[in-house]
Amino acid sequence: MEHQHILILDFGGQYNQLIARRVRECSVYCEVRPYNKVTLDDIRADAPAGIIFTGGPNSVYGEGAPSVPKELFELGIPVLGICYGSQLMAYVLGGEVATCITSEYGKTETEYDKDCVLFSADELPKKAVSWMSHTDYIAKMPEGFKKAAQTWNCPVAAMYNEEKKLYAVQFHPEVNHTEHGITMIYNFVRKVCGCSGDWTMGNYAETAIKTVREKVGSGKVLLALSGGVDSSVLAALLSKAVGRQLTCIFVDHGFMRKHEGDEVEAAFADWDINFVRVDAKEQFLGKLRGVSDPEKKRKIIGEEFIRVFEAEAKKIGRVDFLAQGTIYPDVIESGSGDAAVIKSHHNVGGLPDYVDFKEIIEPLRMLFKDEVRRLGTELGLSETLVWRQPFPGPGLAVRIMGEITDEKLEILRDADHIFREEIANAGLDRSINQYFAVLTDNRSVGVMGDFRTYDYTLALRAVETSDFMTAEFSRIPYEVLEVCSRRIVNEVKNINRVVYDITTKPPATIEWE
Ligand code: XMP
């Protein structure tokens, strides 16, 4: 591996991805590996600049509790143990771990020893809040360790052995609630491990372009481009690597937002690639005629997508490589590298079975979403593309309740456009993670001028979320909602009522179908 890197040994902690993201924010490359899939020999061969142990749900005394061999601490590689990882370090090295009288959970006032390099930065005060989440604690430190932090309930909230470069923190520096947590991680990876910070997206782009070029040689590469962030950044990267050996197929199913299909095409107009836009709107609408069940809609769209893609790919003939926009959270969530192929199938709805190709390439598979965005900027993609919100594969088809018609699509597109415009006008477009309009199948009575109307109800949805697994509805100011509502009922035909969705996920989902 060319970059200095940190190995993150995962003991099943809920914040494993967060630790990795924080390390990378310090411009240091890292990889998360399940603790039981890495041997001492692997570590010796891999020669990481440092190792971080994540937290985990176990107690070190539990039956079959995850552990590491004592020799790991004798490799001369710095180690930082977090939460369970800190207890494990204490236990394996001969200290004692005990159960707290009361579990410590949440924001906790913590006193730090500024002599310890983790807490040595000027901006880090002697007392600050840390995020605790534990039932066990280090009751007795192993020999050679010094205490470096404490709370009212936790006598050893941090400990270290400077000579052996072993550090342990009971709290979670990776969580935002820990004040200056990122500084502590920076101190570990940069000062203790001596990493210089050579992980930048500029570097990455250069290396990835070279690697792809070598691998692909004179072969042909095929990519399904949706216009989403991942596939767009991938297209940009591949274009720089192999130019016209790349063909991007953009299946326009007709369910994109207003002007979006043209925007995707325009975004790639100046790139050195073969860009094929397939206008398949009539085909998709035809298949969906009379269908209103959400699951049936999704299935039909998925299948039709494959059919259209396949037909187009056949025109190119045999391709050597199929490129996919798999990113690191998918890889970590699958638990190991092994499940990647299954995920790859999943990502493009089973394409590999239909298209004749030699190998899959996934040049983004080690990147987090925020890194993919930065890479996109680095490669010269527009801000609009790089900061695009998630948009479901089936597009507006799952934002129209009931049967999909051309007329309904037009109504929704116009209303959604106004909503997005007003959110941007209010300066809320970066703070709300996802926002869109939904055309319900409900009609109600209204009055416009002197006339009675009987028209559709439009729902607005806007959520704040970090992982899209749970979400809060966004507290959009009433004044902004008022402008949206007024403009929509005035400017969009067939809508006479606008409602705002104030449910969280769970129990609701973000999309309505
Ligand atoms: P839900 O509605 O399940 O959505 O709360 C969570 C996130 O996933 C997006 N989403 C999709 N993305 N294909 C996608 O690529 C899909 O079929 C799909 N369905 C939902 C949704 O927009 C939200 O960000």
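Biologist: What makes H14 and H15 a contact in this predicted model, and which residues meet?

Modeller: Contact needs heavy atoms within 4.5 Å. On the H14 side, Ala-415, Ile-418, Phe-419, Glu-421, Glu-422 and Ile-423 meet Val-480, Val-483, Cys-484, Arg-487, Ile-488 and Glu-491 of H15. Sorted by class, that contact has eight nonpolar and four charged residues, with no polar ones.

Biologist: Why is H14 called roughly antiparallel to H15?

Modeller: The axes of H14 (residues 406-425) and H15 (residues 478-491) cross at roughly 150° and come within 9 Å. Angles over 145 degrees count as roughly antiparallel, so H14 gets that label against H15. As for handedness, H14 passes H15 in a right-handed crossing.

Biologist: What makes H1 and H4 roughly perpendicular, then?

Modeller: Again, look at the angle. H1 and H4 (residues 181-192) have axes that cross at roughly 70° and come within 9 Å. The perpendicular class runs from 65 to 115 degrees, and therefore H1 and H4 count as roughly perpendicular to each other. Their crossing is right-handed.

Biologist: Which residues meet where H1 packs on H4?

Modeller: Arg-22, Val-23 and Glu-25 in H1 meet Ile-182, Ile-185 and Val-189 in H4. By class, the H1 and H4 contact splits into four nonpolar and two charged residues, with no polar ones.

Biologist: Why is H6 oblique to H12?

Modeller: H6 (residues 229-242) and H12 (residues 369-379) pack at about 45°, with axes 9 Å apart. Oblique covers whatever is not under 35, over 145 or from 65 to 115 degrees, so H6 is oblique to H12. H6 passes H12 in a left-handed crossing.

Biologist: How many residues of the H6 and H12 contact are nonpolar, polar and charged?

Modeller: Seven are nonpolar, one is polar and four are charged. Val-229, Val-233 and Leu-237 are among those H6 brings, and the H12 residues they and others meet include Val-372, Gly-376 and Leu-379.

Biologist: On to the aromatics: how many pairs are there, and how do you know that Phe-11 and Phe-53 are edge-to-face?

Modeller: The structure holds 21 aromatic pairs. For Phe-11 and Phe-53, the centres are 5.4 Å apart and the planes make 75°. Pairing needs centres within 6.5 Å, and planes over 60 degrees apart count as edge-to-face, so the pair of Phe-11 and Phe-53 passes on both counts.

Biologist: Where do Phe-11 and Phe-53 sit along the chain?

Modeller: Phe-11 is in the loop between S1 (5-10) and H1 (16-25), while Phe-53 is in S3 (residues 50-53). The pair links distant parts of the chain, 42 residues apart.

Note on methods. Residues numbered from 1 in each chain as written. Predicted model: local features only at pLDDT ≥ 70, side-chain atom pairs only at ≥ 80, totals over all residues. Heavy atoms only, no water. Axes fitted to C-alpha atoms, helices over the stretch in contact; angles between N-to-C directions. Helix = DSSP H or I, 4+ residues; strand = E, 2+ residues; numbered from the N terminus. Left-handed = near helix turned anticlockwise from the far one by under 90°. Nonpolar A, V, L, I, M, F, W, Y, C, P; charged D, E, K, R; others polar. Phe/Tyr/Trp six-rings, centres within 6.5 Å; stacked < 30°, edge-to-face > 60°.
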